[in-house]
Amino acid sequence: MKILVGIKHVPDTEARIKVASDGLRVDETGIKWIVSPFDEYALEEALRIREARGGEVVVVAAGRPEAQASLRQGLAMGADRAVLVEEEAYDRADGLARARALAAVAKAESPELILLGKYGVGADEGQTGPMLGELLDLPHAAAVTSLALGEGTFKARREIEGATEVLEGSLPAVVTCEKGLNEPRYASLKGIMAAKKKPLDVRKPEDLGLDPKDLREGSRVVWEALESPPPRGAGKVLKGEAADAARDLARLLREEAKVI
Amino acid sequence: MGLGDAFSGVDLVEVEGLLTEEERMVRDTVREFVTGEVLPGIERHFREGTFPLHLVRPMADLGMLGANLEGYGCAGLGNVAYGLINQEIERGDSGLRSFVSVQSSLVMYPIHAYGSEEQKDRWLPALRAGEAIGCFGLTEPDHGSDPGGMETRAVRRGDRWILNGAKAWITNGSIADVAVVWARTDEGVRGFLVERGTPGFTTRNHEGKFSLRASVTSELALQDVELPASAMLPGAAGLRAPLSCLTQARYGIAWGTIGLAMAVFDEALGYAKTRTQFGRPIASFQLQQRKLTWMATEITKSQLLNLQVGRLKDAGKATYVQVSMAKMNGCRVARECARFAREMLGANGISDEYQTGRHFCNVEAVLTYEGTDDIHTLIVGESLTGLPAFS
Ligand SMILES: Cc1cc2nc3c(=O)[nH]c(=O)nc-3n(C[C@H](O)[C@H](O)[C@H](O)COP(=O)(O)OP(=O)(O)OC[C@H]3O[C@@H](n4cnc5c(N)ncnc54)[C@H](O)[C@@H]3O)c2cc1C
């Protein structure tokens, strides 16, 4: 079974994000970039399916040249090969532009399953998966916490408000992955060595017949401004006996925070 | 981490840029492993004086054992990547780094370099996979810094060897499936593979350690231990052979100690920024800044020294003198950093709620084994002056 896995190259979730002086971008100095954590669930799931059924796992990214590092990480975890649709503008373009790039690769690769993270951390839009499903006219399941494959079919579960939703559909399909789906493996050191020799195909959007117009920043969405959240005030520490403190906590949560 | 922030290393002069992408990936993988698998339970092991045996297989699965060796399922990494593994694992605990050093540099390395094909096939895949554990017996109760004085003897009887003697302070001793034992013979010092359970071969743990508590250290006793001729390492003749193993291990320790230094620096920095006294974070006081600056500067210099020795080693040009300098330097820097960090944490610096106290204790063993600070000083001194000052 051939599985395509989307990988987004994002600032480390541990990084302290600062807004750059233009008020529009993230200040990138000293920031480490990583595979978006939800994409690791997608890749882990793909690797497990390949281990059970055989086949091939292809990781794909649409992004800046540096995104190669995240694809290498995917190869080190065990993917067979990688494709980068290389264009600086993808980082600032909207989800549709990235979905188009992934769709172009999917058309060339004809996978039986496409797995992505539920969203790329940082922007947290969650658009690329559903849009990709639409562009390819494939069934789509978002933010799944379990996935089982049958003969040409899939069954996925997703957590919704107060219940679990069970979705069934035919393959090929686009599925986006939620935390809890699996526990991603560490890349082995041998895997890191092997990754160097695995194919990483760098394509330009034009090579894939993509319209450069769709890439320009603000093709559909314009970034007006980026602001840091207001600094958090000091926390409240409840003193006294545990039982009294617990009672105070419950009262404050109900009366002040109004969350229970 | 004591303070919740994820560890991201110490890098003030863009050492990052001197590493290959592969080296960075190796480092980050081990770093993540340490944060996820080692730190959560290590304090308890240190407190209870137990080795975290359950981490051996996961470390093996990652490829950390014998990582810079070729073949037999080993990862075949370069020496800088191997150094970075040591750095990151010692950021977790010196006991685990000791395990990796012994297994990789003191057991797998001599079998790889000096063993017969049969010995290599028998042991290397199992040691690599963590299915077998090894130990290295050179030190004796009466011979530490001067292993040339060793008293353990092996005599040939027909096609057998008979070993008698005792080894002391042997990492992994009582949990090892195979011991690389060095003994004096009529043909000079030779190395032997002694399997657990061989009649006459017993072990007893050193108890009451205040350093490397999450590591097993044992005495080995050999009483009329009879071994087949095939138990001898055919390629290892003379003291030069065990010393070559020590050079490998010392190289890893040089990196490991800087991982320890980074861990305590990181904890002290975080602590100083959040601990307030006299109405201000203690990090705002000049005396504390001086300590932090000293630590950061020494860590930075040490990273560059280690890196250069690693590059020389990859090129086949590193000397044992350079490795001695790096081991000596790393231990000194780590010890001083641990001391400063311990001071900065105040009372918390002596509590195992924080990592610093554990590292502070561990660094004492690391400073002593694999050549004390004095011995490395004399090795470098001899190289500078041409005059040996050992005796
Ligand atoms: C936790 C731990 C694990 C260990 N693991 C192993 C292992 O796996 N395998 C193994 O073989 N050994 C191991 N060792 C032993 C270690 O290598 C020795 O302890 C070390 O070599 C020092 O020997 P010693 O303790 O006998 O001290 P000594 O050699 O007696 O030294 C005592 C002091 O005298 C100083 N000194 C000695 N000679 C000179 C000199 N010529 N000039 C100036 N000063 C000198 C030393 O620097 C030291 O300060 C381990 C030790 C420890 C603590």
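# Exercises on a predicted two-chain model with a ligand

Domain 2 (134-237) and domain 3 (241-385) of chain B both give residues to the shell around the ligand, so the ligand lies between them. Domain bounds come from an automatic or database domain assignment.

This is a predicted model, in which local features need pLDDT of at least 70 and side-chain atom pairs count only at pLDDT 80 or more, while totals for chains, interfaces and linings use all residues. Residues are numbered from 1 along each chain as its sequence is written, chains are lettered from A and ligands numbered from 1 in the order in which they are written, and side-chain values use heavy atoms, without hydrogens and water.

## Exercise 1. The ligand

Task: describe the shell around the ligand and the polar atoms close to the ligand.

Step 1. Count the residues near the ligand (a heavy atom within 4 Å of it). There are 19, and the closest are Thr139(B), Ser145(B), Trp169(B), Thr372(B) and Asp374(B).

Step 2. Sort the shell by class: 10 residues are nonpolar, 7 polar and 2 charged. Here Ala, Val, Leu, Ile, Met, Phe, Trp, Tyr, Cys and Pro count as nonpolar, Asp, Glu, Lys and Arg as charged, and the others, Gly among them, as polar.

Step 3. Look at N and O atoms. A nitrogen atom of the ligand lies 2.9 Å from a backbone N or O atom of Phe136(B). The side chain of Thr372(B) has an N or O atom 2.6 Å from an oxygen atom of the ligand. For the side chain of Asp374(B), an N or O atom is also 2.6 Å from an oxygen atom of the ligand.

Step 4. Find the covered area. Taken alone, the ligand exposes 970 Å², and the protein buries 68% of that. Accessible areas come from the Shrake-Rupley method with a 1.4 Å probe; for residues, only the protein chains shown count as cover.

Step 5. Name the elements. Those giving two or more residues to the shell are β3 (160-171), α9 (356-368) and α10 (373-385) of chain B. Helices (H or I, at least four residues) and strands (E, at least two) are DSSP runs, numbered from the N terminus.

## Exercise 2. Two glutamates of chain B

Task: decide whether Glu88(B) and Glu43(B) are buried or exposed, and list their contacts.

Step 1. Buried means under 20% relative accessible area, exposed over 50%, and partly exposed in between (1.4 Å probe, protein chains only). Glu88(B), in helix α3 (residues 79-92), has 0% relative accessibility and therefore counts as buried. Glu43(B), in helix α1 (residues 21-48), has 16% and therefore also counts as buried.

Step 2. Contact means heavy atoms within 4.5 Å. Not counting residues up to four places away in sequence, Glu88(B) touches Phe7(B), Arg27(B), Val30(B), Arg31(B) and Val34(B). With neighbours within four places left aside, Glu43(B) is in contact with Asp352(B), Tyr354(B), Gln355(B) and Arg358(B).

Step 3. The side chains of Glu88(B) and Arg31(B) make a polar contact at 2.9 Å. A polar contact is a pair of N or O atoms within 3.5 Å; within protein, one must be able to donate a hydrogen and the other to accept it, and residues adjacent in sequence count only if both atoms are side-chain atoms.

## Exercise 3. Domains

Task: state how the domains of each chain are placed.

Step 1. Chain B has domain 1 (15-128), domain 2 (134-237) and domain 3 (241-385). The C-alpha centres of its domains 1 and 2 are 23 Å apart, and their contact takes 28 residues from domain 1 and 24 residues from domain 2.

Step 2. Chain A has domain 1 (2-217) and domain 2 (235-260), with C-alpha centres 42 Å apart.
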